[in-house]
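Please walk me through this protein structure step by step, in a way that a first-year student can follow.

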Amino acid sequence: MCLAAACASASSPARRLSPSASTALPRRFLHSLLSTPTRPSSPPPPPLLRRCFKFYQMAQYWSQPSLDRNKALVEYLKQYGVVRTEKVAEVMETIDRALFVPEGTPYIDSPMPIGFNATISAPHMHATCLELLKDHLQPGMHALDVGSGSGYLTACFAMMVGPEGRAVGIEHIPELVASSIENVQRSAAAPLLRDGSLSFHVTDGRLGFPDAAPYDAIHVGAAAPEIPQPLLDQLKPGGRMVIPVGTYLQDLQVVDKNTDGSISVRNDASVRYVPLTSRSAQLQDP
């Protein structure tokens, strides 16, 4: 079965991009299909790509870094209704995904391993989370990326909140933090890293990062069995968290903290993420 992108919900505000009318497939089904981590492809192609030869040819063409190919990826996500607004399209075009993928094919819609039993999420999942959080990533706002991994989504957050805001990535694997900093230094977000409005820290993501709290936006890039209380505590009233919750069966939950401090939760899609766990558990052989 060939890979496809998720389709858009009908709830985004003005300045939407028009999705193709032929892509009205159930959103939860496509997220479930596409969100399972995979290994990078290498010759000979894996069985999935051998069964989808045209897709495999595209993957080979898109295997080298190029801003033009990054833009083509964003156009693909627009076509399938995952990227719905100009704001998200602009930041995804600006931050070249290839700079954050150590090997494999960076411009296909698939998660990729980045080492230490971690992955960089598929582009459609990054786009989904950016669309869900975009109103909470305005200039001057604070954003937290839990399990920042390659640093890609943290860099996108930093570009959206700007130098007057703050974007923080936290990760409990020191080597991943070091590599994410190197990745960002090659990207358009490098000036924000230098001026301190973008930063990465080695810490347990389940505890958040109180130093820059409260946060207007929190993204969690691994699945928790339940929403960690420290992250709820660090979410600003009026803020939003996007977090996968569950063990084998997972839902991408949208958590809004109301102005009175109460919490509202809704499920956006069925997903499959690696677990949010301790450093020692993550480093165990899968």
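Is Phe100 buried or exposed? With a relative accessibility of 1%, Phe100 counts as buried, because the cut-off for that word is under 20%. Before this residue is placed in its surroundings, it should be said that the model is predicted, and that the pLDDT, which is the predictor's confidence, averages 81 over the protein, with 73% of the residues scoring at least 70. Some caution is needed for residues 1–63, where pLDDT stays under 50, although the model has 120 contacts for this stretch beyond four places in sequence.

Seen as a whole, the protein holds eleven helices and nine strands, and buried residues make up 55% of its 286 residues. Of the contacts with a separation of 6 or more, 64% are between residues that lie 24 or more positions apart. The accessible surface comes to about 12,400 Å², and carbon and sulfur atoms account for 54% of that area.

We can now return to Phe100. The structure holds two aromatic pairs, and in one of them the ring centres of Phe100 and Tyr152 are 5.6 Å apart while their planes stand at 80°, so this pair is edge-to-face. Phe100 belongs to the loop between helix 5 (86–94) and strand 1 (112–115), whereas Tyr152 belongs to helix 7, so the pair ties together parts that are 52 residues apart in sequence. Tyr152, too, counts as buried, at 2% relative accessibility.

Tyr152 leads us to helix 7, which is mostly covered, since nine of its ten residues are buried; among them are Leu153, Cys156, Phe157 and Val161. Just after this helix, Gly162 takes a positive phi of about 75°.

The next step is to look at the strands on either side of helix 7. Strand 3 (residues 142–146) is mostly covered, with four of its five residues buried, and five bridges join it to strand 4 (residues 166–171), the two strands running parallel. Within this pairing, Val146 stands opposite Ile170. The chain passes from strand 3 through helix 7 (residues 152–161) to strand 4, and this β-α-β crossover is right-handed.

Strand 3 also pairs with strand 6 (residues 215–220), again in the parallel sense, over four bridges, and here Ala143 stands opposite Ala217. From strand 6 the pairing continues to strand 7, for these two strands run parallel and are joined by four bridges, with Ile218 opposite Met241. The chain goes from strand 6 through helix 10 (residues 229–234) to strand 7, and this β-α-β crossover is right-handed.

How many of the twelve residues of strand 7 are buried? In strand 7 (residues 235–246) nine of the twelve are, so the strand is largely enclosed by the rest of the structure. Strand 7 also pairs with strand 8 (residues 250–257), this time in the antiparallel sense and over seven bridges, and Val245 stands opposite Asp251 in that pairing. The two strands form a hairpin, with three residues between them.

A last example comes from another loop. Val82 has its place in the loop between helix 4 (67–79) and helix 5, and it counts as buried at 3% relative accessibility. Although Val82 and Ala127 are 45 residues apart along the chain, their C-alpha atoms are separated by 6.3 Å.

Conventions. Residues numbered from 1 in each chain as written. Predicted model: local features only at pLDDT ≥ 70, side-chain atom pairs only at ≥ 80, totals over all residues. Heavy atoms only, no water. Buried < 20%, exposed > 50% of the residue type's maximum accessible area, 1.4 Å probe, protein only. Pairing = 2+ DSSP bridges. Right-handed = clockwise from strand over helix to strand, strands pointing away. pLDDT = per-residue confidence, 0-100. Contact = heavy atoms within 4.5 Å. Phe/Tyr/Trp six-rings, centres within 6.5 Å; stacked < 30°, edge-to-face > 60°. Areas by Shrake-Rupley, 256 points an atom, 1.4 Å probe, with all protein chains shown as cover.
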